[in-house]
Amino acid sequence: MSILSSVKDCFVPIHKKGYPFLLSGIAATIGLAFLSTHLFWVALTITIWVGYFFRDPQRTTPIADGIVVAPAEGRVSMITEIAPPPELGLTNEPMLRISVFMSIFDCHINRMPVSGTISRIAYKPGKFFNAELDKASDHNERNGLVVETPYGKIAVVQIAGLIARRIEHWVSENQHLEAGDRFGLIRFGSRLDVYLPLGTPLNVSVGQFAVVGETVLAHLNDRTNTGHFKTS
């Protein structure tokens with residue numbers, strides 16, 4: 001049993017949302033194997049990548065009051081002060097926005113940046129500009145979650161990208177979640193914006209790589225507690 005457990009631990013789990021795509025890829029790969037060796041290898045490569053895309057690795061989320069963890073895995077592409085999307089019903093005044101860009105090779109499972117209760121979910125259809133562009137926040141298809149925390153309201157917005165054509169979330173309004181809990185994904189390649197109160201102390205800089213559910217982006221208060229961690 002210890003050997004089987006060791007072998008199992010070597011493989012990163014695939015999220016259940018990826019099973020239909022993976023099974024379709026396997027079926028296509030088997031079918032093409034009878035038609036063309038070249039097509040077989042192309043299909044096999046794509047199928048392996050699909051499994052890699054939907055990977056859902058274990059993450060260890062720090063437990064501390066007021067921390068904001070990365071809701072996505074990828075590069076911190078922008079940090080700016082700007083008003084949040086109007087459909088969120090937050091404010092017309094600027095908030096601190098941290099953007100994390102996910103390439104097609106990054107883990108795409110999205111996790112809650114803070115602990116709190118979801119008070120609003122707002123979807124807005126739109127275009128599919130490159131998610132790294134600043135205008136993507138205004139013009140691209142997006143889905144926003146407003147979260148009530150002891151430190152005020154914050155928001156996390158899923159933004160579709162150039163290749164992405166599907167935003168998913170698995171949560172509902174009035175649901176309480178902890179920082180690091182899974183709440184959705186975007187297929188394929190995209191960006192997440194986190195809106196925080198102005199003056200929130202930052203813990204990252206532009207260009208830094210963020211690990212979803214682990215990297216602390218900011219602190220909503222001045223207290224820190226690095227002695228405990230949550231594994232999920």
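Me: In this predicted model, which residue in β11 is the bridge partner of Glu168?
Reply: In the predicted model, β9 covers residues 166-169, and its pairing with strand β11, which spans residues 182-187, is antiparallel and runs over four bridges. Within β11, the bridge partner of Glu168 is Leu185.

Me: Which strands stand at the edges of the open sheet that contains β11?
Reply: Three strands make up this open sheet, paired in the antiparallel sense and ordered β5-β11-β9, with an average twist of 25° from one strand to the next. A strand at the edge has a single partner strand, so one side of that strand is left without a neighbour in the sheet. The strands for which this holds are β5 (109-111) and β9 (166-169).

Me: Is Asn174, in the loop between β9 and β10, buried or exposed?
Reply: Asn174 lies in the loop that runs between β9 and β10 (176-177), and its phi is near 75°, a positive value in a residue other than glycine. Most residues other than glycine have a negative phi. The cut-off for an exposed residue is over 50% relative accessible area, and because Asn174 has a relative accessible area of 67%, the residue is exposed.

Me: What percentage of the contacts in the chain between residues at least 6 apart in sequence join residues at least 24 apart?
Reply: The chain holds four helices and 15 strands, and of its 232 residues 47% are buried. For contacts between residues at least 6 apart in sequence, the share that joins residues at least 24 apart is 74%.

Notes: Residues numbered from 1 in each chain as written. Predicted model: local features only at pLDDT ≥ 70, side-chain atom pairs only at ≥ 80, totals over all residues. Heavy atoms only, no water. Pairing = 2+ DSSP bridges. Helix = DSSP H or I, 4+ residues; strand = E, 2+ residues; numbered from the N terminus. Axes fitted to C-alpha atoms, helices over the stretch in contact; angles between N-to-C directions. Buried < 20%, exposed > 50% of the residue type's maximum accessible area, 1.4 Å probe, protein only. Contact = heavy atoms within 4.5 Å.
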